[in-house]
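Welcome, and please load the model in your viewer with the cartoon switched on. We will walk from one selection to the next, so keep your selection box handy.

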Amino acid sequence: MKILFYLRIVVMGGAEHYLIRLLPELKKRNIEVGFFCTRQSDNHQIINDFINHFEPHNIPVHVCDSSSVLSLKAARMLAKTVSKERYTILSAHLMHAEIICAFSKMVFRPPCKLVVTKHGYLQGFMDVYGLDPTKINKLKPSYQVEKFVQNFVEKNFAVSKGLLEFYTRSGICKSSKMELIYYGLDADFCNQAYTATRYSDNQVVIVARLKKFKGHRLLITAINILHKEIPDLKLVIVGDGEERDNLVSMVNQYQLNSRIIFTGHIDNVSAYIKDADIVIAPSLSEPFGLVVLEAYSCSKPVIAFDVTAFNENIVDNETGYLVKPYDIELLAGRIKWLLQNKALARQMGQKGKDLLLEKFTMATCVENTIEFFKRI
């Protein structure tokens, strides 16, 4: 078994973090793996980061320079790489890779089986509808393309039950071709050396790209409700993205500049999680939500909206709280309660750490992934 993983890298999202952690672990278990990607003008640096990360593990990175994200050149080079290096399985991640892999299989017929990992759906759709399969317009080209790709796929797996149900109930994937493998995280994620980032005795953090669906606006509104009741309350916003200017303007409007800290992009997010009392995850849709596992690794409780897949990896009233989506008053109330009951927050955080060790370790994810590939 020799597996070539394909992802077009643009930002360090869930799928990218997943592969950076997964491939070296597969290599340690004597599974031969390689990585394929396409390089355009907008992703040179992040590809170099991947190469630098994989190089010490002797994981080859095959880069196709292409002016277009969907190109005949990429499909041709992919087939040649599979044949030359004798990869037996092609593992596609996110829609761009799925399309190129299917096109390569259709036109160039590389001698390998194609599997697909479902990390989510179209972001524009999830921003509005979450993962509600009844809202899909089956006449749209994106839906028809996903259906067409499945003609060349041996098997899929989704990273959450909610995501699996979305793909089967929408009719994109047959249930017989879908399996479930949760993300995993090393329990020592939070044991990295770091510089203290504690700004207050009452500190909460959100770790997420600055995009609308991540719910930063709702959280800032909740902080605006709380800041008079908790005079030293601090919110640390870790991450960067297209919403930054809008969020800064919102903070200025509420006059919360002394309460809210923007860190920008940070490599070692564990430092900010470790120094917070609570991790807040107000996303309006989430295929998995790796930040929950990151919080558990640091023994921190999580407050999130009750959406897929937070309701799969957060146990309400045990490892944190699940709040009705858009209920800002309740969100503020839950934050206030845990900040005023630090012993309860620590207890919830420990239960989260226990859940991580029981169900969501990287070792469990890797072993389940290996068994999946063996069945192909």
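In what order do the six strands of the open sheet with parallel pairing run? Keep in mind as you look that this is a predicted model. The six strands follow the order E10-E9-E8-E11-E12-E13, and their pairing is parallel.

**Stop 1: the edges of the six-stranded sheet.** Select residues 260–264 for strand E10 and 320–323 for strand E13. These two strands stand at the edges with a single partner strand each, so one side of each has no neighbour in the sheet. Turn the view to look across the strands: on average, neighbours in this sheet are turned by 20 degrees against each other, ignoring direction.

**Stop 2: a strand pair inside it.** Now pick residues 278–281, strand E11, together with residues 302–305, strand E12. Three bridges pair them in the parallel sense. Show Ile 280 as sticks and you will find Ile 303 of E12 opposite.

**Stop 3: a helix on this sheet.** Add residues 328–340, which form helix H13. Helix H13 packs on the sheet and touches strand E8 (202–207), strand E9 (233–238), E11, E12 and E13. The direction of helix H13 makes about 170 degrees with that of E13.

**Stop 4: the seven-stranded sheet.** Move on to another open sheet, with seven strands in the order E3-E2-E1-E4-E5-E6-E7 and parallel pairing. Its edge strands are E3 (61–65) and E7 (178–180), and each pairs on one side only. Here the average turn between neighbouring strands is 25 degrees, direction ignored.

Select residues 155–158 to see strand E6, which runs parallel to E7 and is joined to E7 by three bridges. Within this pair, look for Ala 158 opposite Leu 180 of E7. Then bring in helix H3 (residues 72–85), which packs on the sheet and touches strand E1 (2–6), strand E2 (32–39), E3 and strand E4 (89–93). The direction of helix H3 is at about 155 degrees to that of E3.

**Stop 5: Lys 105.** Finish by selecting residues 94–107, helix H4, and showing the side chain of Lys 105 within it. Which side chain of opposite charge is nearest to this buried lysine? That is Glu 154, 6.9 Å away, and Lys 105 has no salt bridge. Instead, look towards Cys 112: its backbone oxygen lies 2.3 Å from a polar atom of the Lys 105 side chain. Leaving aside residues up to four places away in sequence, Lys 105 touches Pro 110, Cys 112, Lys 113, Leu 114 and Phe 152.

Technical notes. Residues numbered from 1 in each chain as written. Predicted model: local features only at pLDDT ≥ 70, side-chain atom pairs only at ≥ 80, totals over all residues. Heavy atoms only, no water. Helix = DSSP H or I, 4+ residues; strand = E, 2+ residues; numbered from the N terminus. Buried < 20%, exposed > 50% of the residue type's maximum accessible area, 1.4 Å probe, protein only. Lys, Arg positive; Asp, Glu negative; His and termini not counted. Salt bridge = Lys/Arg side-chain N within 4 Å of Asp/Glu carboxyl O. Polar contact = N/O pair within 3.5 Å; in protein donor to acceptor, adjacent residues only side chain to side chain. Contact = heavy atoms within 4.5 Å. Pairing = 2+ DSSP bridges. Axes fitted to C-alpha atoms, helices over the stretch in contact; angles between N-to-C directions.
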